[in-house]
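Trainee: I should like to take a close look at a single part of this structure. May I ask you to guide me through its surroundings?

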Amino acid sequence: MVLGGAAPPASLLKSPREIDIMARGGAILHATLQAMAAAVAPGVSTAELDAVGEAFIRSHAGAEPAFKGLYGFPAAACISVNEEIVHGIPSRKKVLREGDIVSIDVGVKFEGMFTDSAITVPVGTIDAGTQRLLDVTRRALDVGIAAAIPENHVGDIGAAIQAVVEAEGFAVVRELVGHAVGYAPHEELQVPNHGKPKRGKRLAVGLTIAIEPMVNVGTARTKTLMDKWTVVTADGLRSAHFEHTIAVTPDGPRILTLPG
Ligand code: MG
Ligand code: MG
């Protein structure tokens, strides 16, 4: 058995100049998510949140929402509430209530380069168990990012995430994964949130990936709603999602979706 896959294709590796462009777009993306999070409140619809995000992105020269029209998606943001894991379609009929959690997932295209980031935020006051779900998912993202160093492989990221999540009694979603990103919103390299150390493609310097644990309170299994987009937990229990776009650099992981 061969441990440790080959290097990723050179076509996925970005130059320092391209990574800097992604960081500038990523800073706009970070600020977009903060603006949307600030608008989260009981009584606000997910369509209103989406409008806040789209207007914010378009107020920056050179920036546009990357998800709008992508594979036919109708909005700038994927907004997923409670048992919805990802790909929720913003709607005026979907109104946030006290105690909900809402995942906001946005892509930005800036000067031809793409970044991708997501946060899950509480609506008003949430119960302690749900707060623990958010804390563990956020921590899972942090350990996944920390594993994104040039000596490691894609499997090291998933293994690190899976260990944190399962130690807390939660479940990692398998059907949806992180991915390479940069020249396109989704590039041809998958970054699962579970795995084994030293397996999968090597994390070569210049690789830019979206790391995005999706963590469920109950079963890991998912189903897709009739709208063909919204992915929910199979048991109806809650799910959280955090995501950053990072670059693998000689000095370790560089998070590109942070304040500028
Ligand atoms: Mg995303
Ligand atoms: Mg993504």
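Leaving aside its neighbours within four places in sequence, with which residues is Phe 110 in contact?

Mentor: Please bear in mind that this is a predicted model. Once the neighbours within four places in sequence are left aside, Phe 110 is in contact with Ile 21, Arg 24, Gly 25, Ile 28, Ala 61, Gly 62 and Ala 63. Phe 110 itself lies in strand 4, which covers residues 101-110. The relative accessible area of Phe 110 is 5%, and because buried means under 20%, this residue counts as buried. By contrast with these contacts, a separation of 23 Å lies between the C-alpha atoms of Phe 110 and Val 191, which are 81 residues apart along the chain.

One of the contacts of Phe 110, Ile 28, leads us to a pair of helices. Ile 28 belongs to the side of helix 1 that meets helix 2, together with Ala 31, Thr 32, Ala 35, Met 36 and Ala 39. On the side of helix 2, the contact is made by Leu 49, Asp 50, Val 52, Gly 53, Phe 56 and Ile 57. The axes of helix 1 and helix 2 (residues 46-58) come within 9 Å and cross at roughly 150°. Helix 1 is therefore roughly antiparallel to helix 2, and their crossing is right-handed. Sorted by class, the residues of this contact are 9 nonpolar, 2 polar and 1 charged.

Let us turn next to the nonpolar core. The largest one has 58 residues, and those with the most contacts inside it are Val 102, Ile 104, Val 106, Ile 157, Ile 209 and Ile 211. Helix 1 (residues 16-39) supplies the largest share of this core, namely 8 residues. A second, separate core has 9 residues, among them Ala 66, Leu 70, Phe 73 and Ala 210. As for Val 106, its contacts beyond four places in sequence include Leu 29, Leu 33 and Met 36, as well as Ile 57 and Phe 67.

Ile 157, also named among the residues with the most contacts in the largest core, takes us to another pair of helices. The axes of helix 3 (residues 128-146) and helix 4 (residues 154-167) come within 8 Å and cross at roughly 155°. Helix 3 is thus roughly antiparallel to helix 4, and it passes helix 4 in a right-handed crossing. From helix 4, Ile 157, Ala 160, Ile 161, Val 164 and Val 165 take part in the contact, while helix 3 contributes Val 136, Arg 139, Ala 140, Val 143 and Gly 144. By class, these are 8 nonpolar, 1 polar and 1 charged residues.

Notes:
Residues numbered from 1 in each chain as written. Chains lettered and ligands numbered in written order. Predicted model: local features only at pLDDT ≥ 70, side-chain atom pairs only at ≥ 80, totals over all residues. Heavy atoms only, no water. Axes fitted to C-alpha atoms, helices over the stretch in contact; angles between N-to-C directions. Helix = DSSP H or I, 4+ residues; strand = E, 2+ residues; numbered from the N terminus. Parallel < 35°, antiparallel > 145°, perpendicular 65-115°, else oblique. Left-handed = near helix turned anticlockwise from the far one by under 90°. Contact = heavy atoms within 4.5 Å. Nonpolar A, V, L, I, M, F, W, Y, C, P; charged D, E, K, R; others polar. Core = buried A, V, L, I, M, F, W, Y, C linked by side-chain atoms within 4.5 Å. Buried < 20%, exposed > 50% of the residue type's maximum accessible area, 1.4 Å probe, protein only.
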